[in-house]
Each structure stands twice: as C-alpha cells, then as structure tokens.
Amino acid sequence: FGSSHLGTRARGSLQRPREFHADLHAQRGGAMATKPIKSLEADEQRLHRIRITLTSRNVKSLEKVCADLIAGAREKELQVAGPVRLPTRILRLVVRKSPNGEGTNTYDRWEMRIHKRLIDLHSPS
C-alpha cells in the first residue's frame with residue numbers, strides 16, 4: 001500500500017470522519033447509558049465461602065476426617081456441600097529388579113494411590 005491509502009477507507013464507503021463522532025458524543029453529554037452495578041462486597045459480607053481440599057494415601061482415615069469436619073460444621077449450623085470425591089491420582093513406578101542389569105528382565109511395579117476429597121462450607125457472617 002502506498003502513502004495515499006493511509007487514513008482512508010475502502011472506495012465507495014460513505015463514512016463520516018472521526019471528528020464528527022467525537023463532536024456528536026460531546027453534544028449528547030459525553031455519558032453512555034450505564035446499568036447499576038451490583039456491589040460484590042455486600043454479597044461477600046453476607047456469605048463466607050470456605051473450600052477445604054483433603055488428600056491422603058489412606059482412604060479410611062480420609063473418610064473419617066471428612067466425617068469429623070462435616071459433623072463439626074453442622075454443629076455450628078453451617079451449610080455443607082460434599083465430600084466431593086475427586087479422581088484418584090495413581091503414581092506408578094516400574095523398576096528393574098536386578099541391580100546390575102544382568103539376568104532376566106524382571107520388573108517391580110510400584111504404585112501409590114492419592115485420594116482427594118473436596119468440602120465446601122458456606123457460613124453467613
């Protein structure tokens with residue numbers, strides 16, 4: 001494109017220059033119509049949201065802690081959501097049994113399962 005095309009629109013378009021639109025905006029008072037915005041601070045003052053994430057290798061102890069937390073929250077009359085059971089993360093490790101690399105290629109397969117629970121508490125302040 002040459003310098004003659006700078007600042008111009010496509011041929012045949014009948015558009016007014018930017019200065020016209022700025023003047024028109026100033027004539028109308030310069031303000032656009034706005035909606036009243038809800039105050040988020042007022043909502044947060046009314047409700048505290050607490051999210052607790054628990055992880056463990058032992059399912060039984062994890063479920064016991066979840067039950068204790070939920071029982072304690074219900075005693076305080078908090079609104080409880082959960083426990084939400086999130087997917088178990090399985091960490092796998094495959095290791096050669098022989099220390100020096102000789103002999104039959106035999107492997108040990110170790111895995112550690114990490115269980116995860118999510119509890120949401122909602123308390124009015």
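## A guided tour from Tyr-107

Select Tyr-107 to begin: this residue is partly exposed, because its relative accessible area of 41% falls between the limits of 20% and 50%. The model on display is a predicted one. Tyr-107 belongs to strand β3. Display its surroundings next: leaving out residues up to four places away in sequence, Tyr-107 touches Val-94, Val-95, Arg-96 and Lys-97. A distance label between the C-alpha atoms of Tyr-107 and Val-95 should read 5.4 Å, although 12 residues separate the two along the chain.

**The whole chain**

Now zoom out and colour by secondary structure. The protein contains 3 helices and 3 strands, and these follow one another along the sequence as α-α-β-α-β-β. Of the 125 residues, 13% are buried. With the surface switched on, about 11,400 Å² is exposed, and carbon and sulfur atoms supply 53% of that area. Among contacts with a separation of 6 or more, 62% link residues that lie 24 or more positions apart.

**The sheet**

Select the three strands together. In what order do the strands of the open sheet lie? The order is β1-β3-β2, with antiparallel pairing. The edges are formed by β1 (47-56) and β2 (79-96), each of which pairs on one side only. Neighbouring strands are turned against each other by 15 degrees on average, direction ignored. In general, strands of a sheet pair through backbone hydrogen bonds, either parallel or antiparallel.

Show the backbone of β2 and β3, which pair in the antiparallel sense over 14 bridges. Within view should be Arg-89, standing opposite Ile-114 of β3. Then move to the other pairing: β1 and β3 are joined, again in the antiparallel sense, over 10 bridges. Here Ser-56 is the residue to select, as a partner standing opposite His-115 in β3.

**The helix across the sheet and the core**

Add α3 to the selection. This helix lies across β1, β2 and β3, and runs at about 5 degrees to β3. Next, show the side chains of Leu-54, Leu-62, Cys-66, Ile-70, Ala-73, Val-80, Ile-119 and Leu-121; these 8 residues make up the largest nonpolar core. Two elements, α3 (59-75) and β3 (107-124), each give two or more residues to this core. Which element supplies the largest share of the core? The answer is α3, with 4 residues. In soluble globular proteins, nonpolar side chains tend to be buried together.

Centre the view on Ile-70. Beyond residues up to four places away in sequence, Ile-70 touches Val-80, Gly-82, Pro-83 and Ile-119.

**Two backbone details**

From Ile-70, step to Gly-82 and Pro-83 and inspect the peptide bond between them: this bond is cis, with omega near 5 degrees. Pro-83 is located in strand β2. Then select Glu-77, in the loop between α3 and β2. Its phi is near 60 degrees, a positive value in a residue other than glycine. Most residues other than glycine have a negative phi, and most peptide bonds are trans. Is Glu-77 buried or exposed? Glu-77 counts as exposed, because its relative accessibility of 69% is over 50%.

**Two buried polar residues in β3**

Return to β3 and select Asp-120, which is part of this strand. Asp-120 counts as buried, because its relative accessible area of 16% is under 20%. Display its side chain together with that of Arg-51: a polar contact of 2.8 Å joins the two. Aside from neighbours within four places in sequence, the residues in contact with Asp-120 are Ile-50, Arg-51, Gln-79, Val-80 and Ala-81. Val-80 is also one of the core residues shown earlier.

The last stop is Ser-123, likewise in strand β3. Why does Ser-123 count as buried? Ser-123 is placed in that class because its relative accessibility is 11%, which is under 20%. To see what surrounds Ser-123, select Arg-46, Leu-47, His-48 and Leu-78, the residues it touches when those up to four places away in sequence are not counted.

How values were computed. Residues are numbered from 1 along each chain as its sequence is written. This is a predicted model: local features need pLDDT of at least 70, side-chain atom pairs count only at pLDDT 80 or more; totals for chains, interfaces and linings use all residues. Side-chain values use heavy atoms; hydrogens and water are left out. A nonpolar core is a set of buried Ala, Val, Leu, Ile, Met, Phe, Trp, Tyr and Cys residues joined through side-chain atoms within 4.5 Å. Buried means under 20% relative accessible area, exposed over 50%, partly exposed in between (1.4 Å probe, protein chains only). Contact means heavy atoms within 4.5 Å. Two strands pair if DSSP finds at least two bridges between them. Axes are lines fitted to C-alpha atoms, for helices over the stretch in contact, and angles run from 0 to 180 degrees between N-to-C directions. A polar contact is a pair of N or O atoms within 3.5 Å; within protein, one must be able to donate a hydrogen and the other to accept it, and residues adjacent in sequence count only if both atoms are side-chain atoms. Accessible areas come from the Shrake-Rupley method with a 1.4 Å probe; for residues, only the protein chains shown count as cover.
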